[in-house]
Amino acid sequence: MMHLWELGPQRQTDLVRLIDSDAATMTRSIKRLENAGFVRRRPCPDDKRAVIIEPTAASQALRREVERIWAELEGASTGDLTPDQQAETLNNLRHIEDSLARTAARTSPADTPAPAANADASTGQGAEVSSEASL
């Protein structure tokens with residue numbers, strides 16, 4: 001959802017690449033979000049094979065709540081740091097992210113272990129649920 005809020009309507013295939021997901025997981029995530037009233041699908045005017053995913057007006061109330069929670073989390077995690085420490089921490093996190101991205105780019109899909117079929121047996125939710133917040 002955050003990507004849709006920030007970037008506006010996106011082709012489903014672009015969301016798959018943006019979130020580094022797979023088509024099946026994205027389709028299931030979008031279907032759940034659509035059933036909840038947070039996104040809608042429409043045909044792409046330039047490519048009849050493509051589908052545009054766009055946030056709905058109902059999702060804007062959710063956006064405010066998500067942004068409020070992120071602000072609380074940010075305050076709780078960095079509130080005791082000085083501005084210099086906050087900047088240093090963000091810089092270090094960017095370096096870690098860059099290192100992980102480089103490592104992931106060098107790792108072939110055959111080298112990556114397959115995800116568990118049911119990542120969270122206690123809730124019955126698989127790993128694809130976490131990608132919905134990234135949409």
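## A tour that starts at arginine 41

Select arginine 41 and glutamate 34: they form a salt bridge, and their closest N and O atoms lie 2.9 Å apart. Before you go on, keep in mind that this is a predicted model. Why might two such side chains end up together? Side chains of opposite charge can pair when their charged atoms come close.

Now colour this pair by accessibility. Arginine 41 has 29% relative accessibility, so it counts as partly exposed. Glutamate 34 comes out at 26%, so partly exposed is the label here too.

**Stop 1: the sheet**

Stay on arginine 41 and look across to β3. Which residue stands opposite arginine 41? It's isoleucine 53. Next, select residues 51–55, which are strand β3, and show β2 as well: the two pair in the antiparallel sense over five bridges.

Zoom out a bit and you'll find three strands in an open sheet, in the order β1-β3-β2, with antiparallel pairing. Select 10–11 for β1 and 39–43 for β2; these are the edge strands, and each pairs on one side only.

**Stop 2: the core**

Keep isoleucine 53 selected, since Ile53 also belongs to the largest nonpolar core. How many residues does that core have? Eleven. To see the rest, add Met1, Leu4, Trp5, Leu15, Val16, Ile19, Met26, Ile30, Leu33 and Val39. In soluble globular proteins, nonpolar side chains tend to be buried together.

Show the helices around that selection. The elements giving two or more residues to this core are α1 (2–7), α2 (12–19) and α3 (23–35).

**Stop 3: an unusual loop residue**

Move to the loop between α2 and α3, and pick aspartate 20 there. Its backbone is the thing to check: aspartate 20 has a positive phi of about 60°, although it is not a glycine. Is aspartate 20 buried or exposed? Its relative accessibility is 69%, so it counts as exposed.

**Stop 4: more charged pairs**

Select aspartate 47 and arginine 49. They form a salt bridge, with the closest N and O atoms 3.1 Å apart. Arginine 49 counts as exposed because its relative accessibility is 75%.

Then jump to helix α4, residues 57–78, and show arginine 68 and glutamate 65. This salt bridge has its closest N and O atoms 2.5 Å apart. Why can these two reach each other along the helix? They are three residues apart in α4, so about one helical turn separates them. Arginine 68 is partly exposed at 39% relative accessibility, and glutamate 65 is partly exposed as well, with a relative accessible area of 35%.

While you're here, add Glu6, Arg63 and Glu67: salt bridges that share partners join them into one network. In total, the count comes to ten salt bridges.

**Last stop: the whole chain**

Clear your selections and show the full protein chain as a cartoon. You should be able to trace six helices and three strands. Follow them along the sequence and the pattern reads α-β-α-α-β-β-α-α-α.

Next, turn on the surface. The protein chain exposes about 9500 Å², and carbon and sulfur atoms supply 56% of that. What share of the 135 residues is buried? It's 22%.

To finish, think about which parts of the sequence touch. Of the contacts with a separation of 6 or more, 52% come from residues 24 or more positions apart.

How values were computed. Residues are numbered from 1 along each chain as its sequence is written. This is a predicted model: local features need pLDDT of at least 70, side-chain atom pairs count only at pLDDT 80 or more; totals for chains, interfaces and linings use all residues. Side-chain values use heavy atoms; hydrogens and water are left out. Two strands pair if DSSP finds at least two bridges between them. Helices (H or I, at least four residues) and strands (E, at least two) are DSSP runs, numbered from the N terminus. A nonpolar core is a set of buried Ala, Val, Leu, Ile, Met, Phe, Trp, Tyr and Cys residues joined through side-chain atoms within 4.5 Å. Buried means under 20% relative accessible area, exposed over 50%, partly exposed in between (1.4 Å probe, protein chains only). Contact means heavy atoms within 4.5 Å. Accessible areas come from the Shrake-Rupley method with a 1.4 Å probe; for residues, only the protein chains shown count as cover. A salt bridge is a side-chain nitrogen of Lys or Arg within 4 Å of a carboxyl oxygen of Asp or Glu.
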